[in-house]
Amino acid sequence: MLLAVSGTASAQETIDMKGTWLPSTGDDLIDGDSKYTPDGTKPIEGGDGALHKDTTQFVFQFDGQDGKTFWGTHTAGKVVEKMVGAISGDGKRFVIADEDGTFNGIVVDSNTLDFCYAHVTPTSRAAACGLLVRQK
């Protein structure tokens, strides 16, 4: 009986992911071709010519949620990618898969997500970390 009570007491509420989220801080690096090149990236000074940073504003729109799973899109310039995601059992971590990479992170609070992103394709690699903040 004691175990059942303590398990219930430690259960976390699931964050409502629906809404619009924007990156507020962070940095990224792309090595190779990008969906956003050339208009949405800038070359890295001192790089080998293949290194770029994104300059396009990303917008994350989560349209639906079913328990600990959610879905939506992220948009940057003319590029739109579908996404699906899931929240961990403890409600503290999440993972999101877009069309060519994955986001992993922690839920800071109901309006802030701390994330890192990575992808590897035949023509590029990308890595990014930052915060996503819900727009009100």
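**Entry 1: the largest pocket**

How much space lies in the largest pocket? I looked this up in a predicted model, and I noted about 590 Å³. I then looked up the residues that line this pocket, and I recorded 33 of them. Asp28, Asp54, Phe58, Tyr117 and Ala128 are the closest to the centre of the pocket.

I next sorted the lining by class. Twelve of the lining residues are nonpolar, twelve are polar and nine are charged.

Which strand gives the most to the lining of the largest pocket? I found that strand 1 does, with seven residues. Strand 1 covers residues 19–32. At least two lining residues each also come from strand 3 (51–54), strand 4 (58–66), strand 9 (112–120) and strand 10 (124–134).

**Entry 2: the partners of strand 1**

I turned to the pairing of strand 1. How many bridges join strand 1 to strand 10? I recorded eleven, and the two strands run antiparallel. Within this pairing I looked up aspartate 28, whose bridge partner in strand 10 is alanine 128. Both residues had already appeared in my notes among those closest to the centre of the largest pocket.

Strand 1 also pairs with strand 4 in the antiparallel sense, over three bridges. Here glycine 19 stands opposite phenylalanine 62 of strand 4. With strand 3, strand 1 shares two bridges, and this pair is antiparallel as well. Isoleucine 30 has histidine 52 in strand 3 as its bridge partner.

**Entry 3: the largest nonpolar core**

I then examined the largest nonpolar core, which holds 23 residues. Which of these residues touch the most other members? I noted Phe60, Phe62 and Leu113. Phe62 is the residue that I had found opposite glycine 19.

Strand 1, strand 4, strand 9 and strand 10 are among the strands that each supply at least two residues of this core. The others that I listed are strand 5 (69–76), strand 6 (79–87), strand 7 (93–97) and strand 8 (101–109).

**Entry 4: leucine 113 and threonine 112**

I looked up the contacts of leucine 113, leaving aside residues up to four places away in sequence. Leucine 113 touches Ile15, Met17, Trp21, Phe94, Ile106, Val107, Val108, Gly130, Leu131 and Leu132.

Threonine 112 lies in strand 9. Is threonine 112 buried or exposed? I recorded threonine 112 as buried, because its relative accessibility is 16% and the cut-off for buried is under 20%. With the same sequence neighbours left out, threonine 112 touches Trp21, Val107, Leu131 and Leu132. These four residues also stand in my list for leucine 113.

Note on methods: Residues numbered from 1 in each chain as written. Predicted model: local features only at pLDDT ≥ 70, side-chain atom pairs only at ≥ 80, totals over all residues. Heavy atoms only, no water. 1 Å grid on protein atoms, 1.4 Å probe; cavity = no way out; pocket = protein on both sides within 12 Å on 5 of 7 lines; lining within 4 Å. Points joined across faces, edges and corners; volume = space filled by probe spheres on them. Helix = DSSP H or I, 4+ residues; strand = E, 2+ residues; numbered from the N terminus. Nonpolar A, V, L, I, M, F, W, Y, C, P; charged D, E, K, R; others polar. Core = buried A, V, L, I, M, F, W, Y, C linked by side-chain atoms within 4.5 Å. Buried < 20%, exposed > 50% of the residue type's maximum accessible area, 1.4 Å probe, protein only. Contact = heavy atoms within 4.5 Å. Pairing = 2+ DSSP bridges.
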